[in-house]
Amino acid sequence: MFPMVTGFMNYGQQTVRAARYIGQSFMITLSHTNRLPVTIQYPYEKLITSERFRGRIHFEFDKCIACEVCVRVCPIDLPVVDWKLETDIRKKRLLNYSIDFGICIFCGNCVEYCPTNCLSMTEEYELSTYDRHELNYNQIALGRLPMAVIGDYTIRTIMNSTHIKKPRINPLIQERLPITKI
């Protein structure tokens, strides 16, 4: 008779434990009901990228001195720099500069080590094409400035992101405290 009683007690304990787990999971589900949605409607809404975002590379032809530092620091030797030595002034003259974004890993080394700051990263990230040969940008395509997401009137920009909190302001000190990330 005792094994039957202990069996009922074990069954009752397991039932209570299962009900508690179901209740806990239901409470977690209810706690998510008052949160804002995380998803955005991409083509019509875009998140504003961070200031250190590594997008398409912008190139300024007039500033380049054809030193090829960008080629040497690139882990895959990607930028193609064509130049001609002007013997009368003993300087290099840049003829062509191109980057294939189908191969580029957007590491930012070329931008960081450029001595004349003729390279910079933009916030442009929509580089998809149907033909991979269209991703080979020459100096004219690299010199084109992208349209800012904020300036595009056809797109609603999303300022509130669940990943980034706004800076906190201490009312007693009236100064900005550091930005915290989740």
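**Exercise 1. Cys110 and its contacts**

Find which residues Cys110 is in contact with in this predicted model, leaving aside its neighbours within four places in sequence.

Solution. Start with the position: Cys110 is found in helix α3. Next, list the contacts. Leaving aside neighbours within four places in sequence, Cys110 is in contact with Ile57, Cys70, Val73 and Leu119. Then look at the exposure. The relative accessible area of Cys110 is 10%. Buried means under 20%, so Cys110 is buried.

**Exercise 2. The binding site that includes Cys110**

State which cysteines UniProt lists together with Cys110 under "binding site", and decide whether they are gathered or scattered.

Solution. The UniProt record, an unreviewed entry, lists Cys74, Cys104, Cys107 and Cys110 for this feature. These four span 37 residues in sequence, yet no two of their C-alpha atoms are more than 10.9 Å apart, so they gather at one spot.

Now take one of them, Cys104. The place of Cys104 is in the loop between β4 and α3. Its relative accessibility is 16%, so Cys104 counts as buried. Apart from neighbours within four places in sequence, Cys104 is in contact with Ile76 and Leu78.

**Exercise 3. A second set of cysteines**

Identify the other cysteines that UniProt places under "binding site", and say how far apart their C-alpha atoms can be.

Solution. The unreviewed UniProt entry places this feature at Cys64, Cys67, Cys70 and Cys114. They span 51 residues in sequence, but no two of their C-alpha atoms are more than 10.7 Å apart, so they too gather at one spot.

Two of these residues can be followed in detail. Cys67 has its place in the loop between β2 (57-59) and α2 (69-73). With a relative accessible area of 23%, Cys67 is partly exposed. Not counting residues up to four places away in sequence, Cys67 touches Arg72, Lys92 and Pro115. Cys114 lies in the loop between α3 (109-113) and β5 (119-121). Its relative accessible area is 11%, so Cys114 is buried.

**Exercise 4. Ile57, a contact of Cys110**

Locate Ile57, decide whether it is buried or exposed, and list what it touches.

Solution. First, Ile57 is found in strand β2. Second, at 3% relative accessibility, Ile57 counts as buried. Third, the residues it touches, not counting those up to four places away in sequence, are Ile99, Phe101, Cys110, Leu119, Ser120, Met121 and Leu142. Finally, compare sequence with space: Ile57 and Phe106 are 49 residues apart in sequence and 8.3 Å apart in space, C-alpha to C-alpha.

**Exercise 5. The largest nonpolar core**

Determine how many residues the largest nonpolar core has, and which elements give two or more residues to it.

Solution. The largest nonpolar core has 23 residues. Those with the most contacts inside it are Phe59, Tyr97, Phe101 and Leu119. The elements that give two or more residues to this core are β2, α2, β4 and α3. Strand β4 provides the largest share, three residues.

Phe101 can serve as an example. Leaving aside neighbours within four places in sequence, Phe101 is in contact with Arg56, Ile57, Phe106, Leu127, Leu135, Tyr137 and Leu142.

**Exercise 6. The partners of strand β4**

Work out which strands are joined to β4, and how many bridges join each pair.

Solution. Begin with β3. Seven bridges join strand β3 (residues 80-86) to strand β4 (residues 91-100), and the two run antiparallel. Within this pair, Trp83 stands opposite Leu94 in β4. The two strands form a hairpin with four residues between them, and Arg90 in the turn has a positive phi of about 55°.

Continue with β6. Two bridges join β4 to strand β6 (residues 136-137), and this pair also runs antiparallel. Here Ile99 stands opposite Tyr137 in β6.

**Exercise 7. The whole protein**

Describe the protein by its elements, its burial, its contacts and its surface.

Solution.
- Elements: there are four helices and seven strands, and from the N terminus on they run α-β-β-α-β-β-α-β-β-α-β.
- Burial: of the 182 residues, 22% count as buried.
- Contacts: among contacts with a separation of 6 or more, 65% are accounted for by residues 24 or more positions apart.
- Surface: the accessible surface comes to about 14500 Å², and 59% of it belongs to carbon and sulfur atoms.

Technical notes: Residues numbered from 1 in each chain as written. Predicted model: local features only at pLDDT ≥ 70, side-chain atom pairs only at ≥ 80, totals over all residues. Heavy atoms only, no water. Buried < 20%, exposed > 50% of the residue type's maximum accessible area, 1.4 Å probe, protein only. Contact = heavy atoms within 4.5 Å. Areas by Shrake-Rupley, 256 points an atom, 1.4 Å probe, with all protein chains shown as cover. UniProt positions renumbered as here; feature names shortened; annotations may be inferred. Pairing = 2+ DSSP bridges. Core = buried A, V, L, I, M, F, W, Y, C linked by side-chain atoms within 4.5 Å.
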